[in-house]
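User: I should like to learn how to read a structure such as the one shown here. Please take the features one by one.

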Amino acid sequence: MMNLDPALNDTRRVVDEPYARIGLAIVRLTIGAMFVWVFFENLGKGLYTPSGYAGLIKDYIENGHAPAVWKSVMALAASHASMAAPLQGLTEISLGVLLVIGLFTRPAALVAFAYLASLWVSEWGTAWIWELLVPVLASLALSIGGAGRTWGIDSFLARKRPTALWW
């Protein structure tokens, strides 16, 4: 049942809730650490080399259940693996570092949301469906919640421009 008292339904109050801010910061640190971990794991596996990257993408295409149009996008990336592989590595480590330090959290989390969603679709049929869906939605929540304003560099930037969407 919805409360009709406008003071109790004011969603702006959540920003002033320290536990909500701390919860978002913990999720931000977790997703950021995941990106950093995956970067080093993939680096160790050779997945940022053209042959390693192309092999992984070809495996997704052959064994996955992504839509045909998405498989054609993956095939394009695999055929340009000499550019796509290091670009993916740079994306993963950059997103990880930005989220861990809480800098430009909203745009970084939005990019993480899009990136993880594309990876989730790429892995359909090759991985457990929930494996990436949770980090996808957590990244979306981070982009909405301004999670860098707690325990992050964004908190310092927000003092000068509190309404900026960058943090």
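User: Which residue follows helix 1, and what is the sign of its phi?

Analyst: Helices are DSSP runs of H or I with at least four residues, numbered from the N terminus. Helix 1 is followed by Gly46, which has a positive phi near 75°. This is a predicted model, in which local features need pLDDT of at least 70 and side-chain atom pairs count only at pLDDT 80 or more, while totals for chains, interfaces and linings use all residues. Residues are numbered from 1 along each chain as its sequence is written, and side-chain values use heavy atoms, leaving out hydrogens and water.

User: Which residues have a positive phi although they are not glycine?

Analyst: Phe104 has a positive phi of about 50°, and Trp151 one of about 60°. Phe104 lies in the loop between helix 4 and helix 5, and Trp151 in the loop between helix 6 and helix 7.

User: Is Trp151 buried or exposed?

Analyst: Buried means under 20% relative accessible area, exposed means over 50%, and partly exposed is in between, with a 1.4 Å probe and protein chains only. Trp151 has a relative accessible area of 52%, so it is exposed. Phe104 has a relative accessibility of 34% and therefore counts as partly exposed.

User: How is the span of helix 1 checked, and what does it come to?

Analyst: The expected span is 1.5 Å times one less than the number of residues. Helix 1 has 28 residues, so it should span 40 Å, and its end C-alpha atoms are indeed 40 Å apart. Helix 2 (residues 50–63) has 14 residues and reaches 20 Å from first to last C-alpha, close to the expected 20 Å. Helix 5, with 18 residues, reaches 25 Å, close to the expected 26 Å.

User: Which residues of helix 1 are buried, and against which helices do they pack?

Analyst: The buried residues of helix 1 are Ala25, Arg28, Ile31, Gly32, Phe35, Phe39 and Asn42. They pack against helix 4, helix 5 and helix 6, where contact means heavy atoms within 4.5 Å. In helix 2, Gly52, Tyr53, Ala54, Ile57 and Tyr60 are buried; the buried residues of helix 2 pack against helix 3 (68–79), helix 4 (81–101) and helix 5.

User: At what angle do helix 1 and helix 5 pack?

Analyst: Axes are lines fitted to C-alpha atoms, for helices over the stretch in contact, and angles between N-to-C directions run from 0 to 180 degrees. Helix 1 (residues 18–45) and helix 5 (residues 105–122) pack at about 55°, and their axes are 12 Å apart. Under 35 degrees is roughly parallel, over 145 roughly antiparallel, 65 to 115 roughly perpendicular, and the rest oblique. Helix 1 and helix 5 are therefore oblique to each other. Arg28, Met34 and Phe35 of helix 1 make the contact with Thr105, Ala112, Tyr115 and Leu116 of helix 5.

User: At what angle does helix 1 pack with helix 6, and which residues make the contact?

Analyst: Helix 1 and helix 6 pack at an angle of about 130°, with axes 10 Å apart. That makes helix 1 oblique to helix 6. On helix 1 the contact is made by Leu24, Val27, Arg28, Ile31 and Met34, and on helix 6 by Pro135, Ala138, Ser139, Ala141, Leu142 and Gly145.

Note on methods:
Helices (H or I, at least four residues) and strands (E, at least two) are DSSP runs, numbered from the N terminus.
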